Each structure stands twice: as C-alpha cells, then as structure tokens.
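Colleague: I am new to reading protein models. Can we go through one feature at a time?

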Amino acid sequence: MSWKYVVNSCCAALLFVSLFVFKLVDAQAQDNISGQAVFAANCSACHGSDGRGGERAPNIATRREVVSRADADLIRAVQNGVPGTAMPAFGYMGAPKINAVIQYLRSLQGIGVAVKVPGDPDLGENLFYGKAECSKCHMVNGRGGFLSSDLSGYGFGRSVEGVRSAILNPDRSMDRRSEAITVVAEDQHRFTGLIRNEDNFSLILQTEDGSFHTYSKEKIIRVEYSGHSLMPNDYEDKLSSKEIDDLVSYLLKAGAPERASNQKHDSDEE
C-alpha cells in the first residue's frame, strides 16, 4: 500500500467527518432558533408583542380565523406575504426561522398549552354577571354590556397570572382607549366615559350608560384625563381571593369555548 493512497484515504475520511460535524452543528443551531426572538424582531412592531394587534396590523393571537388555520397556511402567509394587505413576504428568513416563529405564535394562541384553572368557572360566571358587575361594561358570548371590550375570547392563550393582574391592576396596561375622561361642555355639563372617536374638530364620548355624545371642540371648555381605566381598581377589596380565582377561571374558560366543549366531548366518549 503506497503512502499516497494512505494520505488520500485519510483526507477523504477527514472531509467526511468535517461535513458530518458541520451538518450536526447546523442542525443544532436550527433547533436552537428562538421563535420568540424572531417574532420580536420581525412581527411585534406591527402585531404587538403579544400578537394581539397594533396600529398597523391585526390580532393574530386570538382571532378565530387565524387560530383555526393550519400551520402550512400560516407558513405560506409568512413566506409569501398576504396580497392586498401590508403584510410583506418573509421568505428570505428561511424555513427554520419561519417554522420557529409559527410555533411561537401557536404558544401565544394557547394551542398545545394546558392551563390549569385556579377556581370554579361556574361560580366565576355568577360573579361576572352579579357581585363583580363586570357585565355592566363587558360582554361575554353575547351577554353583557358593550361600553368596554368584548371578553368572549379574552382568556384564550392568556396565563392565569396575566388575567388576575388585569383584574387587580387595570391601570398597568391601560391605553388611551380605556382611560376614563371627563368632558366639560360650555354649558358646564360634565360627562365621563371613553373616547370613541376624535379629530381636529370633534370628539365622540361614550358614557357608562352606553350613550354616545358628540361634541364640537369649540364648545368644549376642557377635557379632563383621569389617568385611570374606567374599570374599578378595588376588586382586591371587594372580592375574596377565592372569588378572584373563580372569576379568572371563568374568563379563561370563556376564552376558548369551542376547545372546552371539545375536551368535554372527548372526556364523555372515554
């Protein structure tokens, strides 16, 4: 056996080992891609850090038409963009990053994540429409008020801690749409509620009784911004810890009524 043959054989073996190690490292790098990081860098500016929508793009975390779509459909939307919308194509990111961001989106949607509710959702429903008076402003599945946001899908994909915090600390994540304001008109009448629309010339206010009031700005003496949500901030005093757990459980259950129904059906079949 010649030395030349031995050297060539060793070089070929080293090349094979190098290619194998490179592919192994590359595969591990792909496995370690953070969908959360990809989402934060490319999606959150428009869709919001929690996927629930922003000024430039819609809610993709709880909207039924998004949640119900297959992974393959979502991957194509990210790769190719969505015609007729501001959603661009992200095909340049490559399959590993796109797959990672879709899996992260699924976690935001609560799919594949089992949430153990801390209380009794049936008792929580009674509280929502009774003692806690949530239904004066909020609606769930067609029942309740319409002054504040519809909570029918609110709990979908949210954590127990997140829902509890929203109840006990409503000012923490308050935006202008939920800030209580008072309009003082030129006739000295005062009306408190939420701004529904505003431009350079007029302001539309919705008061707690559901009525809409349109004001010409030239007839408004002043607008007083409370710095607080219209939602009460004393639930920790009004409700016991157990009652808060029950209310959280109701909102989590109501957030995914179809899924809860399917789980019950599966349980009955077993």
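**Reading the model, feature by feature**

Modeller: Start with two helices: α2 (residues 35-42) and α6 (residues 95-108) cross at roughly 95 degrees, and their axes come within 7 Å. Keep in mind that this is a predicted model.

Colleague: How do I put that angle of α2 and α6 into words: roughly parallel or roughly perpendicular?

Modeller: Angles of 65 to 115 degrees count as roughly perpendicular. The helices α2 and α6 are therefore roughly perpendicular to each other.

Colleague: Which residues of α2 and α6 make the contact?

Modeller: From α2, they are G35, Q36, V38 and F39. From α6, they are K97, A100, V101, Y104 and L108. By class, the contact of α2 with α6 has six nonpolar residues, two polar and one charged.

Colleague: Let us step back. How many helices and strands does the protein have?

Modeller: There are 11 helices and seven strands. The chain has 270 residues, and 34% of them count as buried. The exposed surface is about 16700 Å², with carbon and sulfur atoms supplying 54% of it.

Colleague: What share of the contacts joins residues 24 or more positions apart?

Modeller: Such pairs account for 56% of the contacts with a separation of 6 or more.

Colleague: Now the strands. What holds a sheet together?

Modeller: Strands of a sheet pair through backbone hydrogen bonds, either parallel or antiparallel. Here, five strands form an open sheet, in the order β6-β5-β4-β3-β7. Their pairing is antiparallel.

Colleague: Which strands stand at the edges?

Modeller: The edge strands are β6 (212-216) and β7 (220-229). Each has a single partner strand, so one side of each is left without a neighbour in the sheet. On average, neighbouring strands of this sheet are turned by 40 degrees against each other, direction ignored.

Colleague: How many bridges join β3 to β4, and β4 to β5?

Modeller: Strand β3 (residues 179-185) is joined to β4 by four bridges. One pair to look for is V184 with its bridge partner R190 in β4. Between β4 (residues 190-198) and β5 (residues 202-207) there are five bridges. There, G193 has T207 of β5 as its bridge partner.

Colleague: What lies between the strands in these hairpins?

Modeller: The hairpin of β3 and β4 has four residues between the strands. In that hairpin, Q188 takes a positive phi near 75 degrees. The hairpin from β4 to β5 runs through three residues.

Colleague: Back to helices. At what angle do α7 and α10 pack?

Modeller: Helix α7 (residues 121-129) packs on helix α10 (residues 241-254) at about 95 degrees, and the axes are 7 Å apart. The two helices α7 and α10 are therefore roughly perpendicular to each other. Residues of α7 in the contact include P121, L123, L127 and F128. On the α10 side, L247, Y250 and L251 are among them. The contact of α7 with α10 counts eight nonpolar, two polar and six charged residues.

Colleague: Take L251. Is L251 buried or exposed?

Modeller: Under 20% relative accessible area means buried. L251 is at 5% relative accessibility, so L251 counts as buried. It lies in helix α10.

Colleague: Which residues is L251 in contact with, beyond its neighbours within four places in sequence?

Modeller: They are F128, L151, G155, V163 and I167. Look at V163: V163 and L251 are 88 residues apart in sequence, but 7.8 Å apart in space, C-alpha to C-alpha.

Colleague: Where does V163 sit, and which residues of that helix are buried?

Modeller: V163 is in helix α8 (residues 160-168). The buried residues of α8 are V160, V163, S165, I167 and L168. What covers them includes α9 (235-238) and α10.

Colleague: One more residue. Where is S135 found?

Modeller: S135 is in the loop between α7 and β1 (139-140). With a relative accessible area of 15%, S135 is buried. Leaving aside neighbours within four places in sequence, S135 is in contact with F128, Y129, G144 and G145. You have met F128 already: F128 is also in contact with L251.

Notes:
Residues are numbered from 1 along each chain as its sequence is written. This is a predicted model: local features need pLDDT of at least 70, side-chain atom pairs count only at pLDDT 80 or more; totals for chains, interfaces and linings use all residues. Side-chain values use heavy atoms; hydrogens and water are left out. Buried means under 20% relative accessible area, exposed over 50%, partly exposed in between (1.4 Å probe, protein chains only). Contact means heavy atoms within 4.5 Å. Accessible areas come from the Shrake-Rupley method with a 1.4 Å probe; for residues, only the protein chains shown count as cover. Two strands pair if DSSP finds at least two bridges between them. Axes are lines fitted to C-alpha atoms, for helices over the stretch in contact, and angles run from 0 to 180 degrees between N-to-C directions. Angles under 35 degrees count as roughly parallel, over 145 as roughly antiparallel, 65 to 115 as roughly perpendicular and the rest as oblique. Ala, Val, Leu, Ile, Met, Phe, Trp, Tyr, Cys and Pro count as nonpolar, Asp, Glu, Lys and Arg as charged, and the others, Gly among them, as polar.
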